[in-house]
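Please open the model in your viewer and keep the sequence at hand. The tour below proceeds selection by selection.

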Amino acid sequence: MAIRLGPNSYGKAEIRLVTVTREDEVHRLKDLTVSTALRGDLAATHLTGDNSAVVTTDTQKNTVYAFAKERPVGEIEDFALRLGRHFVHEFSHITAARIAIDEHGWDRIAVRGEPHEHAFSRSGDEKRTAEVTVGTDRAWVVSGLKDLVVLKSAGSEFHGFPRDKYTTLPETDDRILATAVTARWRHQASDTDWGESFRDIRRILLETFAGHHSLSLQQTLYAMGEAVLHRRPEVAEIRLSLPNKHHFAVDLTPFGLANDNEVFVATDRPYGLIEGTVLREDAEDPGPAWDFRTP
Ligand SMILES: O=c1[nH]c(=O)c2[nH]c(=O)[nH]c2[nH]1
């Protein structure tokens with residue numbers, strides 16, 4: 001029986017990093033969860049236990065903290081690029097690094113209408129994300145956001161679907177449409193103005209969700225992705241994952257009441273999960289941008 005080692009990688013997952021930058025009395029916060037992963041000639045550790053090529057996951061974690069001290073973290077894409085390039089350039093047997101970062105937002109607390117210098121409240125569940133893959137001669141950058149919860153109470157219909165003996169869903173020309181957007185977009189280059197790009201893409205996603213008259217969440221997904229590609233030339237491809245956060249009109253007839261689309265039950269499971277990719281016809285091959293394990 002022939003057995004061999006297949007694709008493999010290793011790293012430190014979910015390193016929690018918080019930095020405080022002080023400009024006089026005003027403090028700035030960065031709150032990140034960083035995951036590192038390395039690939040390379042690591043057969044020996046798997047096959048014989050020879051660890052001489054293993055840049056330990058503990059060292060990877062320490063490197064993240066040291067880099068955060070040596071220079072301001074800055075945009076998460078830049079921080080990930082610096083870390084990835086370090087691992088690949090410093091260790092010749094490491095052929096690729098993947099650095100994934102979630103950034104958690106904090107808002108300044110307003111005290112008597114004035115933003116406080118050093119007191120913050122968590123912005124909510126939404127995260128800005130970056131997944132950077134660094135190879136020996138180039139890098140791939142995927143930016144994104146997670147858990148951006150949105151809802152519209154008009155401008156959404158869903159009808160025209162096939163009915164069989166198991167179909168009970170009523171057709172509707174007026175429903176609540178709600179989702180928690182996870183979006184990841186692949187950049188064509190590795191030297192964009194990451195902050196400006198992120199803020200504008202987030203705005204485009206929100207404005208399209210709000211303004212698009214939806215006949216299905218699938219159609220809304222495509223419209224959101226298409227709008228980003230129309231307006232942001234730096235993006236080659238966008239992947240969206242949209243859980244349908246169902247809001248069903250409650251049947252009030254047992255109480256002698258009509259429900260004129262005003263009273264809903266919000267259910268959290270099961271949920272429809274609508275996922276899709278929108279990309280440029282001439283998009284460059286993604287290489288390992290999405291899947292670190294692909295050669
Ligand atoms: O926008 C929707 N797409 C579906 O595929 C679907 N399926 C379903 O039950 N409700 C919805 N809504």
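Two strands are said to pair if DSSP finds at least two bridges between them; strands (E, at least two residues) are DSSP runs, numbered from the N terminus. This is a predicted model, in which local features need pLDDT of at least 70 and side-chain atom pairs count only at pLDDT 80 or more, while totals for chains, interfaces and linings use all residues. Residues are numbered from 1 along each chain as its sequence is written, and side-chain values use heavy atoms, with hydrogens and water left out.

Select β6 (177-187). β6 is largely enclosed by the rest of the structure, because 9 of its 11 residues are buried (under 20% relative accessible area, 1.4 Å probe, protein chains only).

Next, add strand β7 (residues 235-244), which pairs with β6 in the antiparallel sense over 7 bridges. Within this pairing, Thr-182 stands opposite Ser-241 of β7.

Now display β5 (139-152). β5 and β6 are also antiparallel, joined over 9 bridges; Lys-152 has Leu-177 of β6 as its bridge partner.

Proceed to the loop between β5 and β6, where Asp-173 is found. Asp-173 counts as exposed (over 50%) because its relative accessibility is 59%. Select Asp-174, Asp-260 and Glu-262 with Asp-173: these four gather in a surface patch of negative charge. Such a patch is made of residues with over 30% relative accessible area and no salt bridge (a side-chain nitrogen of Lys or Arg within 4 Å of a carboxyl oxygen of Asp or Glu), like charges being joined within 9 Å.

Finally, select Val-265 in strand β9 (residues 264-266). With Leu-169 and Phe-248, Val-265 makes a nonpolar surface patch of about 230 Å², for which nonpolar side chains (Val, Leu, Ile, Met, Phe, Trp, Tyr) are joined within 5 Å.

Terms used:
Areas by Shrake-Rupley, 256 points an atom, 1.4 Å probe, with all protein chains shown as cover. Lys, Arg positive; Asp, Glu negative; His and termini not counted. Charge placed at Lys NZ, Arg CZ, Asp CG, Glu CD. Helix = DSSP H or I, 4+ residues; strand = E, 2+ residues; numbered from the N terminus.
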